[in-house]
Amino acid sequence: MDKLRFAVRKFQPFERAMEKCWAAYQEVYPSEVEMEFVPLDLEELTAAFFEKKGLNNGDWDIIHINTDWLARAYETNGLSALDGMIVQNPPEDLKGAWSESLQALQRFDEQIFGLPFHDGPECLVIRKDLFEDSQEQMRFQARYGKPLAIPKTWPDFLTVAAFFTRPEDNLYGTVFAGYPDGHNAVFDFCIQLWSRGGDLQQGDVPVKLDQPLAVDALDFYRSLFIKDSGLHPESANYESVQAGAAFARGEVAMMVNWFGFASWAQIDTASAVKGKVDVAAIPSAEGGMSPSLNVYWLYAIPEGSRHKQLAYDFIRFAVGRQQDKLLTVEGGVGCRYSTWYDSEINRMIPFYNKLAELHDTARTLPRLANWPQIAHIIDDTVIAAIKTDESSVSLLTKAQEKINAWL
């Protein structure tokens, strides 16, 4: 009997959705094929794909892969091109299924190496019930002499975070995912840089950290952790899923995090803030532009798989309209336009149709094969800023020297 092994991004909504998707697939296409789902967190996934050579040695038949890792996977011949199978048996409504922003990063040399699984750019996620509460509004007005509003600038963000911080009630103004996994702190640093009008790329240099706006970005981020800024006390230990869970438990008034955690908190039966969530643009520096970050997850087939056609048949089913909607109902973020504007989904999650708007301002990280290594250098720099007194200028200069060696 054939058996497919699927490396799944560890997150309960993903795991539930994949189990239900497989059950639905077996009902439509009865077969003797077995499926083994293996949930792995971010560090375990990268180790399985790259350090253990799992993309090439046959360990996996289907994977969830983050767009940050695509260039490395492509340049190590780790992914199978899907073009031939797509032409022969295309996914449902192929031409109008997805935004171009969810199709570009998996294309190399005019070939397609993955299909969209889970979306959701970064945004500001808020407790709508707190912001709309008349008593909170009166208290804020009395304390600060201005109306309580969703913050549009970082100074306003700090003010609102301080206002909602009430440790005695286990409520904090905000949470950041500071766990050093090469992802979350890197994303937050980039958002701080972009929101100040900066960019990682400077001329022909794809990643340049020793620049004044990067210093400003790092100074602000480290200040969140070392000052009394309304930050959840577990922020340094949380990765993004744990930060999202803290929000869903009702411990956080607002956070900059992935859209998916907003939809999860809005609909999950275990969420303490079910039905009380909204999203907004990420704050910026004074005079800056609100940024967003587009990093998404794909279904892909490793080059080493011995069951490529079987794997594609399941992926094709999984990216269809019904299963994309199922993922959303379970707490993930479907990628299809049909899901974004689905009337039932928007009754459950009234802010769901804002996804297209968020994509309009979403930026992407450099598509470099050695980006994971560069990201870890940035991550180490951000963590050092939080834990040491070394100046941001010094930290970023040292980081740039290490990055130059990779570049």
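Over the ring of which residue does the charged end of arginine 166 sit? The charged end of arginine 166 sits over the ring of phenylalanine 163, 5.1 Å from its centre, as the second view shows. This is a predicted model, in which local features need pLDDT of at least 70 and side-chain atom pairs count only at pLDDT 80 or more, while totals for chains, interfaces and linings use all residues. Residues are numbered from 1 along each chain as its sequence is written, and side-chain values use heavy atoms, with hydrogens and water left out.

**View 1. Serine 284 lies in the loop between β9 (277–280) and β10 (292–293).** Helices (H or I, at least four residues) and strands (E, at least two) are DSSP runs, numbered from the N terminus. Serine 284 counts as buried because its relative accessibility is 5%, where buried means under 20% relative accessible area, exposed over 50% and partly exposed in between (1.4 Å probe, protein chains only). Leaving aside residues up to four places away in sequence, serine 284 touches Lys152, Thr153, Trp154, Ser195, Met289 and Ser290, a contact being heavy atoms within 4.5 Å.

**View 2. Arginine side chains sit over aromatic rings at phenylalanine 163 and at tryptophan 60.** A charge sits over a ring if NZ of Lys or CZ of Arg is within 6 Å of the ring centre and within 35 degrees of the ring normal. For arginine 5, the charged end is 4.4 Å from the centre of the ring of tryptophan 60.

**View 3. Phenylalanine 259 and phenylalanine 351 form an edge-to-face pair.** The structure holds 35 aromatic pairs, and rings of Phe, Tyr and Trp (its six-membered ring) pair if their centres lie within 6.5 Å, with planes under 30 degrees apart counted as stacked, over 60 as edge-to-face and the rest as tilted. Here the ring centres are 5.7 Å apart and the planes stand at 75°. Because phenylalanine 259 lies in helix α11 (residues 259–267) and phenylalanine 351 in the loop between α15 (343–348) and α16 (355–361), the pair ties together parts that are 92 residues apart in sequence. Phenylalanine 259 is buried at 0% relative accessibility, and phenylalanine 351 is buried with a relative accessible area of 2%.

**View 4. Strand β3 (residues 62–66) runs antiparallel to strand β11 (residues 297–300).** These strands are joined by 4 bridges, and two strands pair if DSSP finds at least two bridges between them. Isoleucine 65 stands opposite leucine 298 in β11.
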